[in-house]
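Trainee: Could we go through this model together, beginning with how its helices pack and then turning to its empty spaces?

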Amino acid sequence: MYSKLKKEITESIEEALTKMRIKIDEEIVLEEPPNPEMGDISSNIAFSLAGKLKKSPVEIAEEIKNHIKLPLYFEKVETKGPYINFFINYTLFSTKMVNYIDKRYGELPEQDETILLEHTSANPNGPLHVGHLRNAILGDSLKRVLQHAGYKVESQYYVNDMGRQIAIIVWGRKKFGFEFDDHKKIDHAVGEVYFKCNQELEKNPEYNKEIDEILHKYEDGDDQKLIDSFELVVENCLDGIKQTLKDLNIRMNLYKWESTFLRNGSVDKVLEKLQPFTIKRDVLYLPLEKYDVDKELVLRRSNGTSLYATRDLAYHQYKTKNSDISLDILGADHKLAAKQLSLALELSGNRAPEVVFYEFINLPEGSMSTRRGVFISVDEFIEQATQHAKDELLERDMDLTDSEIENIAQIIGVGSVRFYINQISPEKPITFKWEEALNFERGCASIQYAHARACKLLSKSDFDEYDDVKCDYELENEEKVLIKELSRFTEIIRQAAKERRVHHLTEYTLTLSKAFNKFYKSQQVIGSEHEQFRLTLVDASRITLKNSLKLLGIKAPEFM
RNA sequence: GGGCCUGUAGCCUAGCCUGGAUAGGGUGUUGGACUUCUAAUCCAAAGACCGUGGGUUCAAAUCCCACCAGGUCCGCCA
């Protein structure tokens, strides 16, 4: 609705300018005045016309104001210096808003395009750690936003089963008899073996030859026993990872194994298409200096085996065929590789993916590494966050059963984990500190709390949707602010979907909950003479809060 | 050395694409509000030469250039 308000203002300004016989080329940009007393929406068009008309902006603003026909939902327009400020007619607008918001609020019209969104795709050589977390949460939240914005989205996890990492584990299990510890969650047990193998490798780098050999054999695909042992490692580890993803409210549509593309011949097909552009020395490579990339892309090793990039090329060819948009979530360290991949895809007649990059999450003492066994696992992070929430719940002594406490603590804990990641722009590096990550006040919990408060109010009053509620009084400031925030929801989703940036929504949800909490604190709902309207407003807030949280992959408890 | 990213109160962060009014939040600090729909809340105070220097502009956190600091990439790893 907010964008509709803006559109109406834009049109009325254009109309005024036409009356004044002024033509403009640029788009009319609207903004929000710094203070509600100055109005709700404003235009600074007078500035840009000043040079052209050789008049002072103040004069121009005044003149435009005098020609303006007040749009619907507005009650006043005035100038303040060079600014033209519009005031919303809240009585009218609020009536419209509260009746407009229903449980599908924020959904945009269906789009024709399907998006194949690849995210997480962590190597199955250990549990997900906090570094992977950013990929998973950014990816899943983006999926939710894009779906809400009308796209058909399929999420895929690209399973890297042909990597050196897996070969190392297979090798270590055979050579040293390392076994997965039954007492541990399986992905953690795999990670532990991986760590031990690497210690052996470090002691004796000669072993690397044995690993190359294993890798070569796996690629040949003749040794069924070897294939089985690769699959055992990968499947086991993946089981653990899937559990973690489930805990995070993430469901993948498909797990696509890297080896598929080698075994079904599509790797060879891509290489054929690229053949005119490649050079064969001892390796097969694609030179890219022409395209401003200094580093050539190696497609086959001198021993004839393929590389990650080769198989990824085949995977992206599959994406080209099976979707309209390929969207990848990648760490910023993959920027060069992604550029090479994109060029190779275009040369082979395929589509380059859109990529959302994010910077690393490091520990204060340095980067995380599964190989060195230095990392904080996502499981541990969730556990700590949940424990923190549980302590808080117990302290409030709310007469809940044990299972209710467990359940709500989990919802709050996971929510805070997701919120923590979503709140920070992806291009910003994060140094992970427990005290910051576990600090929920004013974060996710305050949003969930606002939602729970709304639910409680509605249940206490036996609220049952009223038809055609009318606002027939001068609203309090807190109500106006809340209404305005509610109306911005759709525009935020549109923007987040378009920019592929979820964190606008995080910011919005926080602002909305703050507006609701202020309203709640300052205005009586039940028993007030405006009870009917206010309850409807509470319900509209409840829905919008719930939908916003849902898009962030966060559950909204009805009490806490 | 070259490419990319980041630099906003003690700490964390939004705003930068698309330049406009007093740089928005949070945390921490100080003070205040539960006989009133849940105080994970609300109110108030203090705290910012927007990394530095130049430029463009009526107007720069925002655009351009240079520099400084941190991160990252430049594997026949993934």
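Trainee: At what angle do the axes of α5 and helix α15 cross, and what does that make α5 relative to α15?

Mentor: Keep in mind that this is a predicted model. The axes of α5 and helix α15, which covers residues 402-422, come within 9 Å and cross at roughly 90°. Angles of 65 to 115 degrees count as roughly perpendicular, so α5 is, relative to α15, roughly perpendicular.

Trainee: Which residues of α15 are met by α5?

Mentor: From α5, the residues taking part are Leu133, Arg134, Ile137, Leu138, Asp140, Ser141 and Arg144. By class, this contact of α5 with α15 has 5 nonpolar, 2 polar and 4 charged residues. On the α15 side, the residues met are Val417, Arg418, Ile421 and Asn422.

Trainee: Is the crossing of α14 past α15 left-handed or right-handed?

Mentor: Helix α14, residues 378-396, has an axis that comes within 7 Å of that of α15, and the two cross at roughly 125°. That angle lies outside the ranges for parallel, antiparallel and perpendicular, and α14 and α15 are therefore oblique to each other. As for the hand of the crossing, α14 passes α15 in one that is right-handed.

Trainee: How do the residues in the contact of α14 with α15 divide by class?

Mentor: In α14, the residues that meet α15 include Phe381, Ile382, Ala385 and Leu393, while their partners in α15 include Ile405, Ile412, Val417 and Tyr420. Sorted by class, the residues of this contact divide into 13 nonpolar, 4 polar and 2 charged.

Trainee: What is the hand of the crossing in which α18 passes α21?

Mentor: Helix α18 spans residues 477-487 and helix α21 spans residues 531-551, and their axes come within 11 Å and cross at roughly 40°. That angle makes α18 oblique to α21. Glu479, Leu482, Ile483 and Leu486 in α18 meet residues of α21, among them Phe533, Arg534 and Leu537. The crossing itself is left-handed.

Trainee: Turning to empty space, which residues are the closest to the centre of the largest pocket?

Mentor: The largest pocket holds about 1,200 Å³ of space. Its lining is made up of 45 residues, and the elements giving two or more residues to that lining are α5 (130-148), α6 (164-176), α8 (208-220), α12 (308-322), β11 (325-331) and β13 (361-362). By class, the lining residues divide into 16 nonpolar, 20 polar and 9 charged. The closest to the centre are Asn123, His132, Gln165, Asp333 and His334.

Trainee: And which residues line the largest cavity?

Mentor: Searching the whole structure gives 1 cavity of 30 Å³ or more, and the largest cavity has a volume of about 50 Å³. Its lining residues divide into 3 nonpolar, 2 polar and 3 charged. By name, the residues that line the largest cavity are Glu75, Ile88, Asn89, Tyr90, Thr91, Glu474, Leu475 and Lys480.

How values were computed: Residues numbered from 1 in each chain as written. Chains lettered and ligands numbered in written order. Predicted model: local features only at pLDDT ≥ 70, side-chain atom pairs only at ≥ 80, totals over all residues. Heavy atoms only, no water. 1 Å grid on protein atoms, 1.4 Å probe; cavity = no way out; pocket = protein on both sides within 12 Å on 5 of 7 lines; lining within 4 Å. Points joined across faces, edges and corners; volume = space filled by probe spheres on them. Helix = DSSP H or I, 4+ residues; strand = E, 2+ residues; numbered from the N terminus. Nonpolar A, V, L, I, M, F, W, Y, C, P; charged D, E, K, R; others polar. Axes fitted to C-alpha atoms, helices over the stretch in contact; angles between N-to-C directions. Parallel < 35°, antiparallel > 145°, perpendicular 65-115°, else oblique. Left-handed = near helix turned anticlockwise from the far one by under 90°. Contact = heavy atoms within 4.5 Å.
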